[in-house]
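Let's take a walk through a protein model, one piece at a time. Keep the picture open while you read, and look for each part as we come to it.

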Amino acid sequence: MTNVMESESELIKQKRKNLRSVYVFLVKLLLLAVILTVTFGVVFGLTVIPNDDMKPRLSAGDIVLFYRHEQKLQNGDAVIYQQDGKSYAARVIGVAGDSIEITQNGALLVNGSQIVESSIYYQTYPFDSRVDYPLHLHNGEYFLMGDFRTGAKD
């Protein structure tokens, strides 16, 4: 009878140990889920590129990891921005204080100097006739363009 009681006692101890292991696993899993949610919901972001505006570097369907808290953007930075509830990718061409001009012969001028972009394989022509060039950027304004200049709708 004591052997039966001892084996039942050992069985109960083993079940408690197993339950404790499951509990520890679930706590660690919950902690991991919280860390991932904060990391990818607050600090970093993931988005799918919806179009070929940044071709050939980024194509439609590419998944991009980006940092959400960049404070000071510079010319040449690639950015993810939202417009009308959709995410887009573009490159910073001008920042506050810059003067931007796109000529009819396909030249991109920033502050009067022609920009030579070695990674852009397309001419830069004015897309929207409603923009009067030169365009002067004020505080908090940025001029963005896709790398696929002839196909992007900036």
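How many aromatic pairs does a search of the whole structure find? The count comes to 2 aromatic pairs. Before we go on, bear in mind that this is a predicted model.

**The sheet with strands 3, 4 and 9**

Let's start with an open sheet built from 3 strands, which line up in the order 3-4-9 with antiparallel pairing. Strand 3 and strand 9 (143–145) are at the edges and have a single partner strand each, so each of them has one side with no neighbour in the sheet. Going from one strand to the next, the twist averages 55 degrees.

Now zoom in on strand 3 and strand 4. Their antiparallel pairing runs over 6 bridges. If you'd like one bridge to look for, try Ile80, whose partner in strand 4 is Ala89. The loop between strand 3 and strand 4 is where you'll find Asp84. Asp84 isn't a glycine, yet its phi is positive, at about 55 degrees. For background, most residues other than glycine have a negative phi.

**The second largest pocket**

Strand 3 turns up again when we look at the second largest pocket, which has a volume of about 400 Å³. This pocket is lined by 17 residues, and the ones closest to its centre are Phe66, Tyr67, Ala78, Val79 and Ile80. Which elements give two or more residues to the lining? They are strand 2 (63–67), strand 3 (78–83) and strand 4 (86–94). Of these, strand 3 gives the most, with 5 residues. Sorted by character, the lining of the second largest pocket has 11 nonpolar, 3 polar and 3 charged residues.

**The sheet with strands 7, 6, 5 and 8**

Next up is another open sheet, with 4 strands in the order 7-6-5-8 and antiparallel pairing. Here the edge strands are strand 7 (113–114) and strand 8 (135–136), and each of them pairs on one side only.

Strand 5 has a partner in strand 6, and the two form a hairpin with 5 residues between them. In the turn sits Gly106, with a positive phi of about 90 degrees. Strand 5 also pairs with strand 8. Here's how those two antiparallel pairings look side by side:

| Strands | Bridges | Residues standing opposite each other |
|---|---|---|
| Strand 5 (residues 99–102) and strand 6 (residues 108–110) | 3 bridges | Ile102 and Leu108 |
| Strand 5 (residues 99–102) and strand 8 | 2 bridges | Ile100 and Leu135 |

**Two cis peptide bonds**

Time for the backbone. As a rule, most peptide bonds are trans. Where can you find a cis one here, ending at Pro56? Look at the bond from Lys55 to Pro56, which is cis with omega near 10 degrees. Pro56 lies in the loop between strand 1 (44–48) and strand 2. Lys55 has something else to show you: its charged end sits over the ring of Phe148, at 5.5 Å from the ring's centre.

The bond from Tyr133 to Pro134 is cis too, with omega near 0 degrees. You'll spot Pro134 in the loop between strand 7 and strand 8, and those are the edge strands of the sheet with the order 7-6-5-8.

**One last look**

To tie things together, go back to Ile80. This residue is among those closest to the centre of the second largest pocket, and its bridge partner in strand 4 is Ala89. Strand 4, in turn, also gives two or more residues to the lining of that pocket.

Technical notes
Residues are numbered from 1 along each chain as its sequence is written. This is a predicted model: local features need pLDDT of at least 70, side-chain atom pairs count only at pLDDT 80 or more; totals for chains, interfaces and linings use all residues. Side-chain values use heavy atoms; hydrogens and water are left out. On a 1 Å grid over the protein atoms alone, a cavity is a set of points where a 1.4 Å probe fits but cannot get out, and a pocket is an open set with protein on both sides within 12 Å along at least five of seven lines; lining residues have an atom within 4 Å of a point. Grid points are joined across faces, edges and corners, and a volume is the space filled by probe spheres set on the points. Ala, Val, Leu, Ile, Met, Phe, Trp, Tyr, Cys and Pro count as nonpolar, Asp, Glu, Lys and Arg as charged, and the others, Gly among them, as polar. Two strands pair if DSSP finds at least two bridges between them. Axes are lines fitted to C-alpha atoms, for helices over the stretch in contact, and angles run from 0 to 180 degrees between N-to-C directions. Rings of Phe, Tyr and Trp (its six-membered ring) pair if their centres lie within 6.5 Å; planes under 30 degrees apart count as stacked, over 60 as edge-to-face and the rest as tilted. A charge sits over a ring if NZ of Lys or CZ of Arg is within 6 Å of the ring centre and within 35 degrees of the ring normal.
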